[in-house]
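Let's take a walk through a protein model together, looking at charged pairs, a strand, a helix and the nonpolar interior. Keep the structure open beside you and look up each residue as it comes along.

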Amino acid sequence: MKTAFKLSLAAALAITLAVGMVGCNKTNKTQTGGVTLRWVTLGPGEQADSDMVWKEFNQKLQEKMPGVDVDLQVFSKTDFEKKWKLMSASKEVIDIAWSGWLVDYKSEARKGAYMELDELIDKEAPKLKEELNAIYHEMNGSGSVFDSTKVDGKIYIVPILQALVSEGQGLITHKDLSDRYWDLERAQTIFAKAETADNSCYDIIEEYLKNLKDNDQIKTGIDTVTFPWFYQKGYKVMPPGFVIKNVGEKDYKVYNTFETAEYKLYIEKMADWYKKGYIRSDVISVENPRQNNGRIDGNILWVSPTYNEFMSESETKANGFPTAVLNIWDKKDGTSSYSAYSGTSVSIPKTSKNAEKALRLIELINTKEGKELYNMLSFGLEGVHYERVNENRIETFDDSVASALATTNSKYGMWNWVVGNTFNTYETQTNPEGWYDYVRNAYKDANKDSDLIRGFEPDLDTVKTEIAQINTVIGEFQNSLLSGAVAAYEESYNRFIEKLNKAGMEKVLVEVQRQFDGYLDENK
Amino acid sequence: MVKKTKVTTSSIAINAFFILFSLSFILPFLLIVSISLSSEDLVLKNGYSLIPKSMDFTAYKYIFANLKQMVDSYKITALTSALGTVLGVLVMSLMAYPLSRRDFLFRKQLTFYIFFTMLFSGGLIPTYILLTQHLKMGDSMWVYIFPSLVSAWYIIILRTFFQGLPTSLVESAKMDGASEIKVFYKIILPLSKPVIATIGLFVLLNRWNDWYTSLIYIRSKELYTLQFLLQRILRDAQFVKDMSREVPVGINITLINDSPVETMKFAMCIVAAGPMLLVFPFFQKYFTRGLTVGAVKG
């Protein structure tokens, strides 16, 4: 007994020591003895071949930046927010940090987490500004891509360029069904003609739903999670609940979303459709109804937040059955609540000791000069992870990598829209030929006035308490109202509005209006 | 040969009650096994069913897609759990024993010192800075073992149990010439098996289920714990799935519908809880006695 105990204790200590030694080997990765830049970014995490690709990347980098090594740390969506908060609070040395939509870059910048880049860019990376703005001008005509990302008049982030416009939202359905039971062309004409979601739109949809119901093809009905985007047609939407009219006669007034005629009409229609059986009866208790989108026996009508001409093809390919997509908006008024300029970006944290080198690396990755390096980070190595079709087109061995959404289980692949300027990406098998040119040109046709409104982002810091209360009220009513599954929807709606006003909606509206007026004066 | 037992209404009722009672534990478990073996499509279409319509291992395939990572994580979890439990129980009982002795000089002060930590803690960010920048434990396996080695609450439970042992035992052993250390190992510990086993099991379960430490401190994928890995696989799959429907403008993404998010959740239960189901019976014989631990007033 005694010896056994001593033995086990000794064994425990021995293991502890042995394991401790293993832990020690991991530090000090520098290969060249020069500077190591620490780059923290979002992505699918470290994958099986990550070390191999990054080693190769560092070797290639020596040609452009001798003596510089990059230590990439890729955190997944699960841990990025938390880890960034801790690293930023504890002032860890980081040279490049991703600062896209998971991080509130404005408040981080105000807190002093990022370095001011105005002078640094002019001095160290003029080509970065030049090239990004050239692309931006080509699409937009004027202005600077950095302008709309400024915080208190200073540049803190380098936006990662991607398409700056959406042509609208897509209404998606099964093609077999719509061929038989619907007139797609008539529907598209009606959608294009209607400025906002009015009765004519719902009538044509209801015609379809009724046909499906009569022929027992309704399946799990319409998707109540994404379909609500339909009533936002013609408006710029700002969370948690304001809209600005973005089509036709603009009045440049900020409204409470929930008091617009379109919202009222929408919940009225949903309540009606729920009774008629176009929405599944157990909709309230289904955990994630959205999962039934794109399934042959799932939802028969759902909405995608973005639309493009190639969507029928790509949806068909993805869903595995013929899929039809209609544009809810008129092409010229295309819009999106998504903030195109700051959705994904990189910054240089204040803790960086090699800011010049970090900026130079950002320049390299985001311009033509470093196209090869950029694509290596995104797609891995030729022959190992992809095959080259021609100079600008590749075929990856893993489909999820090709579609810019590599997973932890992929051999290697990062999301090109967190790495750098997506206009330098190779086309893959999931892109139609000439995809990135198409994206650039799409913007030219877009309504620039509509773009003006889209560029506005309110700063809600001063009305934080009201916003929190408003969000609570919305959480209480919104889902049941939108799903149509409330018996007395009118009563519920009235209480919703009443509670919203009590929560301080009025005050927030005034504040947002004030900011919007200021924005208009500045940008008109 | 067979001993006859009388069948009475009360015995039927009692048996029926316990059969139903047992079923309420067994059925959910069988359901988990069954769902984890079903195909995602059928689950989404028909809901959960106790007997799978067809055997489908997609969920497991997805989880085990990166076998090396899974093995690494199992190793880390098993190693840190075992080591952390052995060391933790040892240190805590060594702390609790003196506190249980009435002849220990600073007993009250030390007990308060320990109790105090239950009321206040350093907060996440200071703890993070201390561990990563001053103690250099970030991204190493020590961070699983040392920061959570000792729990004030368990020390108090242990102390209470030790106090219940008759002091005369210690005195007589001393009279026979045993040293303090010998008294502890030869008399106290063997008598305290129930409480040691109980605390051991608590600590083991805590460590086995630990994912938060990985989330905060760990960067190398070799050091992920099992629970963290599983959670990440699931959340990332869900993320990619949602993302493919809500991508930023201009990024053309083909939807990837093959990750079986629903059934995967259940397969993960099995993968994560399996080993614990094997360990549990070893503790069980101490467990009933251990349940009264802490019931005696200290």
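A:K276 is partly exposed, with a relative accessible area of 36%. In this predicted model, the side chain of A:K276 meets that of A:D272 in a salt bridge, with N and O 3.0 Å apart. A:D272 is partly exposed as well, at 26% relative accessibility. Why are A:D272 and A:K276 separated by about one helical turn? Because they sit 4 residues apart in helix α10 (residues 261–276) of chain A.

**Salt bridges along helices**

How many salt bridges does the structure hold over all chains? The total is 30. Two more examples can be set beside the pair you have just met.

In chain A, A:K175 and A:D179 both belong to helix α7 (residues 175–181), where they are 4 residues apart, or about one turn of the helix. Their side chains form a salt bridge with an N to O distance of 3.3 Å. A:K175 is partly exposed, at 35% relative accessible area, while A:D179 is exposed, at 52%.

In chain B, B:D72 and B:K68 are joined by a salt bridge whose closest N and O atoms are 3.2 Å apart. They are separated by about one helical turn because they are 4 residues apart in helix α4 (residues 67–100) of chain B. Is B:D72 buried or exposed? It is buried, because its relative accessible area is 14% and the cut-off for buried is under 20%. Its partner B:K68 is exposed, at 58%.

Here are the three pairs side by side:

| Salt bridge | N to O distance | Helix |
|---|---|---|
| A:D272 and A:K276 | 3.0 Å | α10 of chain A |
| A:K175 and A:D179 | 3.3 Å | α7 of chain A |
| B:D72 and B:K68 | 3.2 Å | α4 of chain B |

Salt bridges can also link up into a network, as A:K64, A:K127, A:R360, A:E363 and A:E369 do.

**A serine in helix α4 of chain B**

Stay in helix α4 of chain B for a moment, since B:S73 is found there too. B:S73 counts as buried because its relative accessibility is 0%. Its side chain reaches the backbone oxygen of B:Y224 at 3.3 Å. Setting aside neighbours within four places in sequence, B:S73 is in contact with B:Y224, B:T225, B:L226 and B:L229.

**One side of helix α6 of chain B**

Which residues of helix α6 (residues 124–134) of chain B are buried? They are B:Y128, B:L131 and B:T132. These residues cover an arc of only 85 degrees around the axis, so they lie on the same side of α6(B). They pack against α3 (77–89) of chain A, and also against α7 (142–145) and α12 (212–217) of chain B. After α6(B) comes B:K136, whose phi is positive, near 55 degrees.

**A strand with two faces**

Now turn to strand β9 (residues 301–304) of chain A, the home of A:V303. From this strand, A:L301 and A:V303 point one way and A:W302 and A:S304 the other, and all are buried. For A:V303, the relative accessibility is 2%.

What does β9(A) pair with? Its partner is strand β5 (residues 170–174) of chain A, in the antiparallel sense and over 4 bridges. In this pairing, A:L171 stands opposite A:V303. A:L171 is also among the residues that A:V303 touches; others, leaving out those up to four places away in sequence, include A:F227, A:W229 and A:I328. By contrast, A:G320 is 17 residues from A:V303 in sequence and 18 Å away in space, C-alpha to C-alpha.

**The nonpolar cores**

In soluble globular proteins, nonpolar side chains tend to be buried together. The largest nonpolar core here has 125 residues, and A:W39, A:L61, A:L361, A:I365 and A:L377 touch the most other members. Helix α14 (residues 261–290) of chain B gives this core its largest share, 9 residues. A second, separate core has 69 residues, including A:I222, A:V247, A:Y252 and A:I474.

For a closer look at the largest core, pick out A:I365. Beyond its neighbours within four places in sequence, A:I365 is in contact with A:W39, A:F57, A:L373, A:Y374, A:L377, A:V419 and A:G420.

Notes
Residues numbered from 1 in each chain as written. Chains lettered and ligands numbered in written order. Predicted model: local features only at pLDDT ≥ 70, side-chain atom pairs only at ≥ 80, totals over all residues. Heavy atoms only, no water. Helix = DSSP H or I, 4+ residues; strand = E, 2+ residues; numbered from the N terminus. Buried < 20%, exposed > 50% of the residue type's maximum accessible area, 1.4 Å probe, protein only. Contact = heavy atoms within 4.5 Å. Arc of directions from axis to C-beta. Salt bridge = Lys/Arg side-chain N within 4 Å of Asp/Glu carboxyl O. Core = buried A, V, L, I, M, F, W, Y, C linked by side-chain atoms within 4.5 Å. Pairing = 2+ DSSP bridges. Polar contact = N/O pair within 3.5 Å; in protein donor to acceptor, adjacent residues only side chain to side chain.
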